[in-house]
Amino acid sequence: MRRLLLLLIIVVGCTAPPGRESFVLRIALWGPLGDLAPTAGNETSIASIAQPWVFERLFSLDATGQLKPGLAARVERLSGQRVRVELRRDATFSDGSSVTEEDVVRSLQAGGLQVIQSGGGLIVAPVDSGLPVDALLLEARIFRQSNGKFVGSGPFAVVSQTEAELRLNRRIPQAGHVNDVRVIAYPTPRDAFAHTLKGDANLITDLESRWLEFFRGVPSLQVIHGTGRTTDAIAFNVALPRSERVQLARALESQRVRELAYASAECAESSGTSDGDGIVPAGPVLRVLSWGPFERLALATRRSLGDRGGEVSHLPPQDALARMKSRNFDLLMVRPLRWPPSAMAVVWRTGSPYNLVGYSNPAFDRAVDEGDWPAAESALREDPPAAFICTRDHLAVVDVRIKNPVLGPYDVLETLPEWEIAQ
């Protein structure tokens, strides 16, 4: 008996402890997953949330607006619209090939930029001189096509994809960091919320503040905040007369609308902002088009319009986008970038590929050309493309094992590769 016990002790003592389950970050999003691509063209694809981890930029911005190196080792401004960059020489794509100047040139050209190779560097300028080079460079991602697929030089690469899930792994696993990411597509925001609360996912972004109370007290999750860089807005059909858009903007940019649609003090505009005059101009009934997280704002809009408030249509994102491009709406819920200031040009300048509502304002265009952002803001107020309602913090709920997670200043999850996991 003693020999049997001794044998058991030796066996148990020499057996390796069970391996710790590897950490998987499962991100709950809503809408069609679509394909992950480095270029614009599929505005409703939620797979694009992974762009910053797979496809690098030449540079990005930190929270103060200062340049943060990416593939560029050095950046030099030659003029307001011309930048010279020198590339890192150690970068490789996920297929093992080196990143070449030719790859960078091709990628930048796909983003509306012209490039001249000069003395070991690249001189970059916009094809359309009316679009700021800085804003275009922030949208341009470096890629190569390999065997019919896009590959990037970022820390993550796509491993597999189904209709509802995109799986990415870190190219070179890093101890104590996120190495395995799943992007999971759910049909609606409520489905994404419910599955996160249930434990099927451990990260969700783009939350309504009223949902946060359900996550408080959940021991496996933590709530994180980031400075808001976008503004919830109500875009106008450009066929509406300017005078009518001015009156509508004054009526809708009000505390009453914010109180109906958002929690108390949720909007940055709530502090020190006086109410609009509240007078909705006379005219035909206005149809309100909503999608995704904007249902409450759409209902608040209709209520505030009084007799002019028409049908509220809450559509899937791809249908809302099609209606936007065909101008088949009166009022449409949108979330345009407001930071950095040059982002305004990409969204609202005449002829910009990102100006999907067809807005045109010569005074705004002139201010953009001169880099006068206060004047550009003033031009938007005098001839409004939209009523700008609420700039609010980015909100996310994430696994409590992530140590001190910080949301990105430009793309909300661009900082994910830097997140550390508690051991």
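## A closed space inside

The largest cavity has a volume of about 100 Å³. You are looking at a predicted model, and in this model the structure holds 1 cavity of 30 Å³ or more. How can an empty space be found at all? Rolling a probe the size of a water molecule over the atoms shows where empty space is left.

Which residues line the largest cavity? They are Glu208, Ser209, Asp232, Ala261, Tyr262, Glu266, Pro293, Phe294, Arg296, Leu297, Arg335 and Arg392. Sorted by class, this lining holds 6 charged residues, 5 nonpolar ones and 1 polar one. Try finding these residues in the structure above, and keep their numbers in mind for the next part.

## The five-stranded sheet

Let us turn to a sheet of 5 strands, which is open and has the order β17-β16-β18-β15-β19. Its pairing is mixed. Why do β17 and β19 each have one side without a neighbour? These two strands, β17 (309-315) and β19 (386-390), stand at the edges with a single partner strand each, so one side of each is left without a neighbour in the sheet. On average, neighbouring strands here are turned by 20° against each other, if direction is ignored.

Inside this sheet, strand β16 (residues 286-291) pairs with strand β18 (residues 331-334) in the parallel sense, over 2 bridges. One bridge to trace is that of Leu289, whose partner in β18 is Leu332.

## Helices across this sheet

Which strands does helix α9 lie across? Helix α9 (residues 295-304) lies across β15 (232-236), β16, β17, β18 and β19, and runs at about 170° to β17. Helix α10 (residues 317-325) lies across β16, β17 and β18, with an angle of about 140° to β16.

## A disulfide and a cis bond

How many disulfides are there? The count comes to 1 disulfide, and it joins Cys267 to Cys390, with an S to S distance of 2.1 Å. The pair links distant parts of the chain, with the two cysteines 123 residues apart. Cys267 sits in the loop between α8 (255-261) and β16, while Cys390 belongs to strand β19. The torsion about the S-S bond of Cys267 and Cys390 is about -100°, so this disulfide is left-handed.

There is also a peptide bond to look at: the one from Trp339 to Pro340 is cis, with omega near -5°. Where is Pro340? You will find Pro340 in the loop between β18 and α11 (343-348).

## The four-stranded sheet

Now move to another part of the chain. Here 4 strands form an open sheet in the order β4-β5-β7-β6, and the pairing is antiparallel. The edges are taken by β4 and β6 (113-118), each with a single partner strand, so one side of each is left without a neighbour in the sheet. The average turn between neighbouring strands of this sheet, direction ignored, is 25°.

Start with β4 (residues 72-79) and β5 (residues 82-87), which pair in the antiparallel sense over 6 bridges. β4 and β5 form a hairpin with 2 residues between them. Two residues that stand opposite partners in β5 are Arg74, which faces Glu86, and Val75, which faces Val85. Val85 also takes part in the next pairing: its bridge partner in β7 is Leu122. β5 and strand β7 (residues 121-126) run antiparallel and are joined by 3 bridges. As a rule, in a regular strand the side chains alternate between the two faces of the sheet. This sheet has a helix across it too: α3 (residues 101-110) lies across β5, β6 and β7, running at about 155° to β6.

## An open pocket and a loop

How much space lies in the second largest pocket? About 640 Å³. There are 29 residues lining this pocket, and those closest to its centre are Pro52, Glu56, Gly154, Pro155 and Pro417. The elements that give two or more residues to the lining are β2 (59-61) and β3 (67-69), and β2 makes the largest share, 3 residues. By class, the pocket lining divides into 11 nonpolar, 11 charged and 7 polar residues.

One last stop is Asn147, found in the loop between β8 (144-146) and β9 (149-151). Its phi is near 55°, a positive value in a residue other than glycine.

Note on methods:
Residues are numbered from 1 along each chain as its sequence is written. This is a predicted model: local features need pLDDT of at least 70, side-chain atom pairs count only at pLDDT 80 or more; totals for chains, interfaces and linings use all residues. Side-chain values use heavy atoms; hydrogens and water are left out. On a 1 Å grid over the protein atoms alone, a cavity is a set of points where a 1.4 Å probe fits but cannot get out, and a pocket is an open set with protein on both sides within 12 Å along at least five of seven lines; lining residues have an atom within 4 Å of a point. Grid points are joined across faces, edges and corners, and a volume is the space filled by probe spheres set on the points. Ala, Val, Leu, Ile, Met, Phe, Trp, Tyr, Cys and Pro count as nonpolar, Asp, Glu, Lys and Arg as charged, and the others, Gly among them, as polar. Two strands pair if DSSP finds at least two bridges between them. Axes are lines fitted to C-alpha atoms, for helices over the stretch in contact, and angles run from 0 to 180 degrees between N-to-C directions. Contact means heavy atoms within 4.5 Å. A disulfide is a pair of cysteine sulfur atoms within 2.5 Å.
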